[in-house]
Amino acid sequence: MTQTSEDVTWLTQEAYTKLKDELAYLSGPAREEVTQKIAAAREEGDLRENGGYHAAKEEQGKQELRIRQLTQLLEKAKVGEAPAASGVVAPGMVVTIAFDGDEDDTMSFLLASREYASSDIETYSPQSPLGTGVNGKKVGEDAQYELPNGKLASVKVLTAEPYNG
């Protein structure tokens with residue numbers, strides 16, 4: 001099976017290990033904990049009005065969803081280093097843009113999957129409208145992307161540096 005670059009999520013070794021550890025915890029000890037909570041709540045009687053039971057079932061549902069998300073992400077993940085400083089926007093880079101070419105109206109963000117980054121920096125997916133617009137652009141080039149209302153927005157790429165998070 002071949003994977004296109006859009007199917008692959010590039011992760012650092014550190015991010016990959018962190019996500020594998022989270023998956024192992026959720027699939028093992030955390031799953032057992034929520035199962036015990038559900039069993040204990042069942043013993044309290046009538047399930048229709050049992051808040052503890054419903055809360056535990058909701059927690060279980062969220063946990064199972066996260067397990068599926070992590071499993072899918074890790075199946076498509078490729079471990080690698082951040083891209084080299086080439087001046088071209090690519091996933092794994094911190095990008096600074098100017099809106100409508102106005103260098104006083106700027107924004108910096110990481111172009112990557114949210115799992116790749118820390119909470120220290122705003123992250124945009126390469127598949128997002130902004131990510132698609134700037135991906136592959138060189139520093140100094142203009143890019144356009146579609147806003148939710150259907151209009152086009154223009155930005156100028158000011159910097160593109162590898163993320164060192």
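Residues 24 or more positions apart account for 52% of the contacts with a separation of 6 or more in this protein. The model behind that number is a predicted one. Of its 165 residues, 32% count as buried. The fold is built from 4 helices and 7 strands, and, read from the N terminus, the elements come in the order β-α-α-α-β-β-β-β-α-β-β.

Helix H1 is a good place to start looking around. H1 takes in residues 13-27, and at 1.5 Å a residue these 15 residues should span 21 Å; the end C-alpha atoms are indeed 21 Å apart, so expectation and model agree. Four residues of H1 turn up as buried: Ala-15, Leu-19, Leu-23 and Leu-26. Around the axis they cover an arc of only 70 degrees, and therefore they sit on the same side of H1.

Next comes helix H3, residues 51-76, which packs with H1 at an angle of about 145 degrees, the two axes being 10 Å apart. The crossing of H1 past H3 is left-handed. On the H1 side, the contact is made by Tyr-16, Leu-19, Lys-20, Glu-22, Leu-23, Leu-26 and Ser-27, while H3 brings in Gln-63, Arg-66, Ile-67, Leu-70, Thr-71, Leu-73 and Leu-74. Sorted by type, the residues of this contact come out as 8 nonpolar, 3 polar and 3 charged. Leu-19, Leu-23 and Leu-26 are thus worth a second look: they are buried in H1 and also take part in the contact with H3.

H3 gets the same length check as H1. With 26 residues at 1.5 Å each, H3 should span 38 Å, and its end C-alpha atoms lie 38 Å apart, so the agreement holds here too. The buried residues of H3 are Tyr-53, Ala-56, Gln-63, Ile-67, Leu-70, Leu-73 and Leu-74. Among them, Gln-63, Ile-67, Leu-70, Leu-73 and Leu-74 also belong to the contact with H1.

Away from the helices, Met-107 gives a view of the strands. Met-107 lies in strand E4, which runs over residues 106-111. Its relative accessible area is 17%, under the 20% cut-off, so Met-107 counts as buried. What does Met-107 touch, leaving aside residues up to four places away in sequence? The list reads Val-95, Thr-96, Ile-97, Phe-99, Tyr-124 and Leu-130. As for distance along the chain, Glu-122 is 15 residues from Met-107, and the C-alpha atoms of the two are separated by 9.5 Å.

Conventions
Residues are numbered from 1 along each chain as its sequence is written. This is a predicted model: local features need pLDDT of at least 70, side-chain atom pairs count only at pLDDT 80 or more; totals for chains, interfaces and linings use all residues. Side-chain values use heavy atoms; hydrogens and water are left out. Helices (H or I, at least four residues) and strands (E, at least two) are DSSP runs, numbered from the N terminus. The expected span of a helix is 1.5 Å times one less than its number of residues. Buried means under 20% relative accessible area, exposed over 50%, partly exposed in between (1.4 Å probe, protein chains only). The arc is that of the directions from the helix axis to the C-beta atoms. Axes are lines fitted to C-alpha atoms, for helices over the stretch in contact, and angles run from 0 to 180 degrees between N-to-C directions. A crossing is left-handed if the near helix is turned anticlockwise from the far one by less than a right angle, and right-handed if clockwise. Contact means heavy atoms within 4.5 Å. Ala, Val, Leu, Ile, Met, Phe, Trp, Tyr, Cys and Pro count as nonpolar, Asp, Glu, Lys and Arg as charged, and the others, Gly among them, as polar.
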